[in-house]
Amino acid sequence: MAVLTRSLFAAVLAALSVAVIMPAAPALAQDISVDAILNDPQAPVGGNLKGDVTIVAFLDYNCPFCKKSAPDLEKLVKADGRIRLVYKDWPILTPASIHGAQLALAAKRQGKYEQVHHALMAIPGMRISKEKMTEAVQRSGVDMERLNADLKQHGAEIQELIQRNLDQADALGLTGTPVYLIGPFKASGALTYEQFRKAVADARAQGKQ
């Protein structure tokens, strides 16, 4: 069941110039800023890069609720035309989830992150194996030779990005996938098209106050 609430993120957004999200656990090495969450230069971004509402999506390729919501989120981003979508690969469910995130982020190097992202999200079920993920990526039409080369050459950078996503999720107190930061709101669970649309409308209304 989807839950939409005012988030800790909202309080931070209210004072961008000075706000820092404090670590949720002593294990965090550093404070995590709103800018780091919204504008990580390595994070894949879709939709309208100059959109008036940003959705930050924390997702796992073995999460059935992420897969259920993915088509509705994609549909809204295309229909609305003013949404900036930041993808946060947050592989927390299985070791294969990490493999999927690595494949998608490597594909970003050839400008095909979303192509691979959608292919992985389209695999039915949960606890998908590494082999099935690789097969889905191969069928997506990406250049696998280049993807594997990029994964080998930029593997450390990709893993650093995944770790930043993990740290950001911890700092925000997130406990499970999917989570969507929609303007000043946090939504968890499998959202429908209408729930996404309403949350975006509410975020726009909030921004005009």
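Let me begin with the inside of this structure, which holds one cavity of 30 Å³ or more, and I should say at once that we are looking at a predicted model. The volume of that largest cavity comes to about 70 Å³.

Which residues line the largest cavity? Going along the chain, they are Leu59, Cys66, Ala70, Leu73, Glu74, Leu85, Tyr87, His117, His118 and Tyr180. If you sort this lining by class, you find seven nonpolar, two polar and one charged residues. Three elements each supply at least two residues of the lining, namely α3, which spans 64-80, β4, which spans 83-89, and α5, which spans 113-121. The element that gives the most is α3, with four residues.

Let me stay for a moment with the cysteines. Cys66, one of the lining residues, counts as buried because its relative accessibility is 1%, and the cut-off for buried is under 20%. Cys63 is buried too, also with a relative accessible area of 1%. A search of the whole structure for disulfides finds zero of them.

Now I would like to step back to the whole chain. The protein chain has nine helices and six strands, and of its 209 residues, 47% count as buried. If we take the contacts between residues at least 6 apart in sequence, 78% of them join residues that are at least 24 apart.

A residue that illustrates such contacts is Ile55, which lies in strand β3, residues 53-59. Is Ile55 buried or exposed? It is buried, because its relative accessible area is 0%, and anything under 20% counts as buried. Setting aside residues up to four places away in sequence, Ile55 touches Leu73, Ile83, Arg84, Leu85, Val86, Tyr180, Leu181, Ile182 and Val200. Among these, Leu73, Leu85 and Tyr180 also belong to the lining of the largest cavity. Ile55 and Gly183 are 128 residues apart along the chain, yet their C-alpha atoms are separated by 6.6 Å.

Gly183 comes up again when we turn to Asp202, which is found in helix α9, residues 193-207. Asp202 and Gly183 are 19 residues apart in sequence, and from C-alpha to C-alpha they are 8.7 Å apart in space. With a relative accessibility of 25%, Asp202 counts as partly exposed.

Next, please look at helix α6, residues 130-139, whose buried residues are Met133, Ala136 and Val137. Why are these three on the same side of α6? They cover an arc of only 100° around the axis, and therefore they share one side of the helix. In general, an α-helix has 3.6 residues a turn, so residues three or four places apart point the same way. The buried residues of α6 pack against α4, which covers 95-107, against α5, and against α7, which covers 144-153. On the face of α6 turned away from that buried side we find the exposed residues Glu131, Lys132 and Arg139. Just after α6, Gly141 takes a positive phi of about 100°.

My last stop is Thr94, whose place is in the loop between β4 and α4. Although Thr94 sits in a loop, it counts as buried, at 12% relative accessibility. Leaving aside neighbours within four places in sequence, Thr94 is in contact with Asn62 and Arg127.

Note on methods. Residues are numbered from 1 along each chain as its sequence is written. This is a predicted model: local features need pLDDT of at least 70, side-chain atom pairs count only at pLDDT 80 or more; totals for chains, interfaces and linings use all residues. Side-chain values use heavy atoms; hydrogens and water are left out. On a 1 Å grid over the protein atoms alone, a cavity is a set of points where a 1.4 Å probe fits but cannot get out, and a pocket is an open set with protein on both sides within 12 Å along at least five of seven lines; lining residues have an atom within 4 Å of a point. Grid points are joined across faces, edges and corners, and a volume is the space filled by probe spheres set on the points. Ala, Val, Leu, Ile, Met, Phe, Trp, Tyr, Cys and Pro count as nonpolar, Asp, Glu, Lys and Arg as charged, and the others, Gly among them, as polar. A disulfide is a pair of cysteine sulfur atoms within 2.5 Å. Buried means under 20% relative accessible area, exposed over 50%, partly exposed in between (1.4 Å probe, protein chains only). The arc is that of the directions from the helix axis to the C-beta atoms. Contact means heavy atoms within 4.5 Å.
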